[in-house]
Structures are given as structure tokens and as C-alpha cells.
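These are my notebook entries on one protein model. I set down what I looked up, in the order in which I looked.

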Amino acid sequence: MKDQRKNNKDQRRKANSGVPAQQQTQQQAPAPAQSKSAPRRRHQHEAPPIKFRFVQLNCVLCGEVIQEMSSAIAYGSFGEPAHFECVQKKLEAIENLSPDEKIVYWGAGQFAIIKSTPETSFSIVKKISVEQKDLIPDWRRDIKTQVRSNE
Ligand SMILES: [Zn+2]
């Protein structure tokens with residue numbers, strides 16, 4: 001009995017001596033700061049009062065939660081969800097628009113640069129496809145399921 005207790009004590013001392021006390025405190029210090037700057041996860045938001053799983057994802061362009069998933073754009077080659085407004089702003093930044101031109105949604109995954117003209121109301125300068133034609137990303141499938149279960 002006596003010997004066993006002595007062994008335990010020795011083991012404990014060995015374990016403690018491995019890490020200096022200073023190093024331990026240094027490792028613990030940055031932890032709260034890290035959790036503060038960590039990106040928001042959707043499970044932290046309050047669950048909406050509906051039975052089925054609510055599709056809520058973050059915008060690939062600004063990182064904020066997309067509240068209206070039905071208006072989200074499947075952006076880029078992977079069809080990641082993005083705010084309609086963010087895609088619009090992004091295109092405005094990419095395309096060198098002249099003062100009388102603006103970006104509008106054309107439909108079917110396309111935006112268009114339109115130009116105001118005195119004769120007609122506007123003319124189309126260019127159409128820009130932001131969604132892949134045959135790509136239906138998982139999040140969009142989920143919305144369809146959601147809408148169906150709502151009916
Ligand atoms: Zn956004």
C-alpha cells in the first residue's frame with residue numbers, strides 16, 4: 001500500500017514537471033480573444049419557429065447570413081449562395097460602368113448592364129451570367145424542399 005501511494009506521487013510529479021508553469025499561462029491567455037473573433041455559425045442563431053430544417057447560409061461575398069434564401073444567387077462556378085445585392089455590387093466594381101449605366105437582374109441567373117437612353121427607356125449593354133446553367137447547388141434543393149413542405 002505504502003509503495004503504491006509513493007508511485008502515484010512520483011507519477012504526478014513527473015507529469016507536472018513536463019510543462020513549465022509559465023508556458024501553461026501563455027497558452028491559456030489567447031483563448032477568449034479567439035472565440036470572440038471566430039465566425040458566426042448558424043446554430044448560434046435562434047431557431048425559427050417552423051417544423052422543418054430552415055435553410056440559412058452565409059453569403060460567399062460578405063460573410064453575413066442570408067435572410068432571404070429564395071432571393072440568393074448561386075454565385076460562381078461552385079454555385080455558392082450570395083446576397084443579390086452583394087453580387088450586384090461586385091459586378092458594379094468589376095465592370096467599369098459609365099455614369100448612365102447600371103447593373104440590374106435580368107433573370108435566370110443573369111445580370112445585365114443597362115444604359116439609360118433618351119429614345120427608349122434603356123438599352124442592354126451586356127448580359128452577365130453569374131450562375132452556372134445546369135448547376136443546382138444543394139442549398140437551392142433544400143429551399144425547394146422547404147417550399148414544398150410549406151404548402
Ligand atoms: Zn452578402
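**Entry 1: confidence and overall make-up**

I began with the confidence of this predicted model. The protein chain has an average pLDDT of 75, and 60% of the residues reach at least 70. I then looked for a weak stretch and noted residues 23–35, where pLDDT stays under 50. For that stretch the model has one contact beyond four places in sequence.

Next I listed the secondary structure. I found five helices and five strands in the protein chain. Read from the N terminus, the elements follow the order α-α-α-β-β-α-β-β-β-α.

I also looked up two totals. Of the 151 residues in the protein chain, 11% are buried. Among contacts between residues at least 6 apart in sequence, 30% join residues at least 24 apart.

**Entry 2: the sheet**

How are the strands of the open sheet ordered? I read the order as S3-S4-S5, three strands with antiparallel pairing. S3 and S5 (122–129) are the edge strands, each pairing on one side only. On average, neighbouring strands of this sheet are turned by 30° against each other, direction ignored.

I then took the pairs in turn. S3 (residues 101–107) and S4 (residues 110–116) run antiparallel and are joined by six bridges. S4 and S5 are also antiparallel, with seven bridges in their pairing. Both pairs form hairpins: two residues lie between S3 and S4, and five residues lie between S4 and S5.

I followed individual bridges across the sheet. Ile-103 has Ile-113 in S4 as its bridge partner, and Ile-113 in turn has Lys-126 in S5 as a bridge partner. For Ile-114, the bridge partner in S5 is Ile-124.

I asked how many residues of S5 are buried. The number is zero of eight, so S5 lies largely in the open.

Finally I looked at what crosses the sheet. Helix H4 (residues 84–94) lies across S3, S4 and S5 and runs at about 135° to S3.

**Entry 3: the turn between S3 and S4**

I examined Ala-108, which is placed in the loop between S3 and S4. Its phi is positive, about 55°, although Ala-108 is not a glycine. I noted for comparison that most residues other than glycine have a negative phi.

Is Ala-108 buried or exposed? I recorded Ala-108 as exposed, because 8 other C-beta atoms lie within 10 Å and the cut-off for exposed is 12 or fewer.

**Entry 4: the largest nonpolar core**

Which residues make up the largest nonpolar core? I found 12 residues in all: Cys-59, Val-60, Ile-66, Ala-72, Ile-73, Ala-74, Tyr-75, Ala-82, Val-87, Ile-103, Phe-111 and Ile-113. Strand S1 (73–75) and S4 each supply at least two residues of this core. The largest share, three residues, comes from S1.

I chose Ile-103 for a closer look, as it is listed in this core and also bridges to Ile-113. Leaving aside residues up to four places away in sequence, Ile-103 touches Gln-88, Leu-91, Glu-92, Phe-111 and Ile-113. Of these, Phe-111 and Ile-113 are also on the core list.

**Entry 5: the loop between H3 and S1**

I then turned to the loop between helix H3 (31–37) and S1, where Gln-56 lies. Asn-58 is found in this loop as well.

I checked the exposure of both residues. Gln-56 is partly exposed, because 16 other C-beta atoms lie within 10 Å. Asn-58 also counts as partly exposed, with 18 C-beta neighbours inside 10 Å. Neither count reaches the 20 or more required for a buried residue.

I looked up which residues Asn-58 touches, not counting residues up to four places away in sequence. They are Gly-63, Glu-64, Val-65 and Ile-66. Ile-66 belongs to the largest nonpolar core.

I closed with two C-alpha separations. Gln-56 and Gln-67 are 11 residues apart along the chain, and their C-alpha atoms are separated by 6.8 Å. Asn-58 and Pro-81 are 23 residues apart along the chain, with 7.2 Å between their C-alpha atoms.

Definitions and conventions:
Residues numbered from 1 in each chain as written. Predicted model: local features only at pLDDT ≥ 70, side-chain atom pairs only at ≥ 80, totals over all residues. Pairing = 2+ DSSP bridges. Helix = DSSP H or I, 4+ residues; strand = E, 2+ residues; numbered from the N terminus. Core = buried A, V, L, I, M, F, W, Y, C linked by C-beta atoms within 7 Å. Contact = placed C-beta atoms within 7 Å. Axes fitted to C-alpha atoms, helices over the stretch in contact; angles between N-to-C directions. pLDDT = per-residue confidence, 0-100.
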